[in-house]
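User: I would like to learn how to read the surroundings of a ligand, and how to judge where a residue sits. Could you take me through it step by step?

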Amino acid sequence: MITYEEALKLVDDNVEPLGQCEARLEDMFGSYLAADVVATLPSPQFDNSAVDGYGVKVGDLEAASPETAKALKLVTAIAAGSPSDLEITTGEAVKIFTGARVPTSCEAVVMREYCREESGNVLIECATRPGENIRRQAEEYKKGELVLNAGIKITPPVVSLLASLGYVQFPVFEKPRVALVVTGDELVEPGQPLKEGQIYNSNAYGLTAALNSLGIKECKSLIARDTREATRKCFEEALESSDVVISSGGVSVGDHDYVKETLEAMGVRTIFWRIAMKPGKPVYFGVLERGSRRKYLFGLPGNPVSVLVTFHQIVKPALKKMSGGKFAAGSTVRLKLGAPLKKRPGRLDFVRGILTRNEDGDSAAVATKGQESHMLSGLARAQIMMHFAADAEKVDAGEPIDVTLINWAD
Ligand code: AMP
Ligand code: MG
């Protein structure tokens, strides 16, 4: 059995980013940039006002105060979106709105809150300094400057930024096409009546939701009954139109576990099988070269907690790398343990937990109730996964422990 760290390295070594395509602004959210973003325009594009107020000459307001408001002649008003090459001279002011172009003759903009209008004049109750409330052309970046590097995830601000530069579409990495194969004679679709010994197929729905969270919207989901033939037929069908096939169940050492032998019989090269982690020991990873494309196969355990924990800790980083992002198994921080943990040494235990505060007011990690691999409620309530080291037998309350923040979306 290999360690979790070794498994991660093997996945990273074997997974490559997929191809690139152009995505429209409306569709790019959640993908990764396939090219650097170089400014097509400076930001801001022109000097403009940061507030609603009055454009003035600084010297006119040197003595202005709430007691001695200074009256300036109001020349005109400039709204956002209108051009302005207006000149003001000493003793004059121009009414100006947020985002409106500030004429070069205005040295500062005084906030409206310090001003009041009276018979063609504006009375201003404070002094100002050169440049106050003026957003300067190109102060954020110049035209031609590198703004964002390729490889970053397209979040809402990235979409806004591309739109602000006038792009309609932009190069992104393709998202992997994924298909699911859940195995088991006992599985029944939710909504159908259950017979003795049967259970609902929950894994297909949890995995689909996990893929949707990553922006992988469509994925075929097949149920393979526990025979060699059915297992092979489902994997063949799943492979037809996908880059990645994720299966659940049938990958352990039971008499009805056909996933590994079926995949190997189909020509899949096994990279690893079995990891010293809990939950999730029987995880399988293999690759298949089909035509010009490489296909990836993840055989995850059937237990409902194991399948989602191994997806989060192993498959998600792989999908991220295929999508053009950095291979990373989530953000890990070090926290104090809120209540003691015990186990047998041998496997890295991903203890599902929540964040609380201890008596000192520090953040502390506490395990949720229901830590067995069939107990979904403990995972459903969890915010974090604590890394209870493979060789450790106990960690006392107050001792530090590495914690991964559960994040299905990244
Ligand atoms: P297996 O690895 O196939 O022996 O499955 C391990 C456990 O996970 C068994 O209790 C199965 O009933 C359960 N299981 C397998 N597949 C699913 C599924 N799709 N939904 C819910 N539970 C499952
Ligand atoms: Mg099974």
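Analyst: What follows is a reading of this predicted model, beginning with the ligand and ending with one residue in a loop.

User: Which residues are the closest to ligand 1, and how many surround it?

Analyst: A sensible start is the shell of neighbours: here 15 residues surround ligand 1, and the closest are Glu186, Asn201, Ser202, Gly250 and Gly302. By character, this shell divides into 5 nonpolar, 9 polar and 1 charged, while strand 13 (178-183) and strand 15 (199-200) each supply at least two of its residues.

User: Which atoms of Asn201 and ligand 1 lie 2.9 Å apart?

Analyst: A polar contact is a pair of N or O atoms within 3.5 Å. In this case a polar side-chain atom of Asn201 lies 2.9 Å from a nitrogen atom of ligand 1, whereas Gly302 places a backbone N or O atom 3.1 Å from an oxygen atom of the ligand, and Asn303 likewise has a backbone N or O atom 3.1 Å from an oxygen atom of ligand 1. Taken alone, ligand 1 exposes 480 Å², and the protein buries 76% of that; the ligand sits in the largest pocket.

User: Is Glu393 buried or exposed?

Analyst: The cut-off for exposed is over 50% relative accessible area, so Glu393, at 52% relative accessibility, counts as exposed. Glu393 lies in the loop between strand 26 (384-388) and strand 27 (394-395), and its C-alpha atom is separated by 8.1 Å from that of Leu341, although the two residues are 52 residues apart along the chain.

Conventions. Residues numbered from 1 in each chain as written. Chains lettered and ligands numbered in written order. Predicted model: local features only at pLDDT ≥ 70, side-chain atom pairs only at ≥ 80, totals over all residues. Heavy atoms only, no water. Near = heavy atom within 4 Å. Polar contact = N/O pair within 3.5 Å; in protein donor to acceptor, adjacent residues only side chain to side chain. Areas by Shrake-Rupley, 256 points an atom, 1.4 Å probe, with all protein chains shown as cover. 1 Å grid on protein atoms, 1.4 Å probe; cavity = no way out; pocket = protein on both sides within 12 Å on 5 of 7 lines; lining within 4 Å. Sits in = over half its atoms within 2 Å of the grid points. Helix = DSSP H or I, 4+ residues; strand = E, 2+ residues; numbered from the N terminus. Nonpolar A, V, L, I, M, F, W, Y, C, P; charged D, E, K, R; others polar. Buried < 20%, exposed > 50% of the residue type's maximum accessible area, 1.4 Å probe, protein only.
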